[in-house]
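User: Please take a close look at one part of this structure, the buried interior and what surrounds it. Where does the burial lie, and how are the pieces connected?

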Amino acid sequence: MRLLSTRRRHPATRTIVLAMALFLMGALYAALAPTPRSSADGGMSTQVEEGKALFAVGCSSCHGLNGEGTSQGPTLMGVGSASVDFQMETGRMPAKAPGQQLPRKENQYTDAEIAAIAAYVDTLGPGVQIPEPEQYQSSELEAANGEERARLIARGGELFRTNCSACHNFEGGGGALPEGRYAPSLMGVEDKHIWEAMRTGPQQMPVFSEETLTDEDTKAIIAYLENLHGQPDSGGLSLGGFGPVGEGLWVWVLGIGGLAAVAVWITKKGVRAK
């Protein structure tokens, strides 16, 4: 006991204990720390490096060199590859200038370059991944018989009217929102981009997670929009595509307005006759 007590008082004891503790913590971290996804294989690592270089040139001025975000753009940590794929394939990114809403425009990058940047951003934090075709394509709808097909489309229409029509209107034609913003038209939008928008919630759009709307639900909504937008145009004025609301408004304005004008005209004629 006296020998141990003497060694504890040795000047080097604290230094040795601290060094051993640091060594132990380092060993535990090396054993338990997750391996970055970018180093999983050589091909992915090369793609990530290419994406990092492209990101530094075209994206870092707004989002920061490491995707941490700046006063000009939000952080990209944890947004996932699906968000990058949506924003860049639709031409919304890179933005010409910061604004409340970024419109769709011509894409400036190749598919390979977008995939590389998405792979790099994906390493910054876990997020929604770019979907596989079976997650948004309604292949089973094409193989279904008439009754089942109608049922799936009707279900998609019900889900769309419940969750989406308040902003995009009942046929997906888009609509105005507060503070100068708007919900864009969904006519002609690719199926994958509809899925990505629902899962990532770009700009003012809410996020519809897997717990809120499953992939089967999103496929039903996409099938409804495809069926709706594929209907032949019967002619006439669309009245903004707002359905019975817009039609009723114009019937009221023109009908009641016309009756009021006729009543005024009859009254004037009666006064002149006297």
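Analyst: Cys164 is buried, with a relative accessible area of 10%, in what is a predicted model. The closest cysteine sulfur to that of Cys164 belongs to Cys167 and lies 8.7 Å away, which is too far for a bond. Cys62 is a second case: its nearest cysteine sulfur is in Cys59, at 8.8 Å, so no bond forms there either. Unlike the buried Cys164, Cys62 is partly exposed, at 27% relative accessibility. Over the whole structure, the search finds zero disulfides.

As background to the interior, the protein has 13 helices and two strands. Of its 274 residues, 31% are buried. Among contacts with a separation of 6 or more, 58% join residues 24 or more positions apart. The exposed surface comes to about 17,700 Å², with 61% of it supplied by carbon and sulfur atoms.

The interior is best followed from its core. In soluble globular proteins, nonpolar side chains tend to be buried together. Here the largest nonpolar core holds 16 residues, and the ones with the most contacts inside it are Phe160, Ile194, Met198, Leu213, Ile221, Tyr224 and Leu225. Two or more residues of this core come from each of α9 (146-163), α11 (191-200) and α12 (215-229). Helix α12 gives the largest share, four residues.

Leu213 shows how these pieces meet. Leaving out residues up to four places away in sequence, Leu213 touches Leu159, Asn163, Met198, Arg199, Phe208, Thr218 and Ile221. A second core, separate from that one, has 13 residues, including Ile117, Ala118, Ala119 and Tyr120.

One of the contacts of Leu213 is Thr218, which sits in helix α12. Thr218 has a relative accessible area of 0% and is therefore buried. Beyond its neighbours within four places in sequence, Thr218 is in contact with Gln135, Trp195, Met198, Arg199 and Leu213.

Trp195, Met198 and Arg199 are among the buried residues of α11. In that helix ten of ten residues are buried, and the list includes charged residues such as Asp191, Lys192 and Glu196. The cover over the buried residues of α11 includes α5 (81-89), α7 (133-136) and α12. Just after α11, Gly201 takes a positive phi of about 65°.

The second core leads to helix α6. This helix spans residues 111-122, twelve in number, and reaches 16 Å from its first C-alpha to its last, close to the 16 Å expected. Its buried residues are Ile114, Ala116, Ile117, Ala118, Ala119, Tyr120, Val121 and Asp122. Ala116 also has a partner from elsewhere in the chain: its C-alpha is 8.8 Å from that of Thr46, although the two are 70 residues apart in sequence. Thr46 belongs to helix α3 (residues 42-58), and with 45% relative accessibility it counts as partly exposed, whereas Ala116 is buried.

How far can the model be relied on? The average pLDDT is 83, and 79% of the residues score at least 70. Residues 34-40 stay under 50, and the model has nine contacts for them beyond four places in sequence.

Key
Residues numbered from 1 in each chain as written. Predicted model: local features only at pLDDT ≥ 70, side-chain atom pairs only at ≥ 80, totals over all residues. Heavy atoms only, no water. Buried < 20%, exposed > 50% of the residue type's maximum accessible area, 1.4 Å probe, protein only. Contact = heavy atoms within 4.5 Å. Areas by Shrake-Rupley, 256 points an atom, 1.4 Å probe, with all protein chains shown as cover. pLDDT = per-residue confidence, 0-100. Expected span 1.5 Å × (residues − 1). Core = buried A, V, L, I, M, F, W, Y, C linked by side-chain atoms within 4.5 Å. Disulfide = S-S within 2.5 Å.
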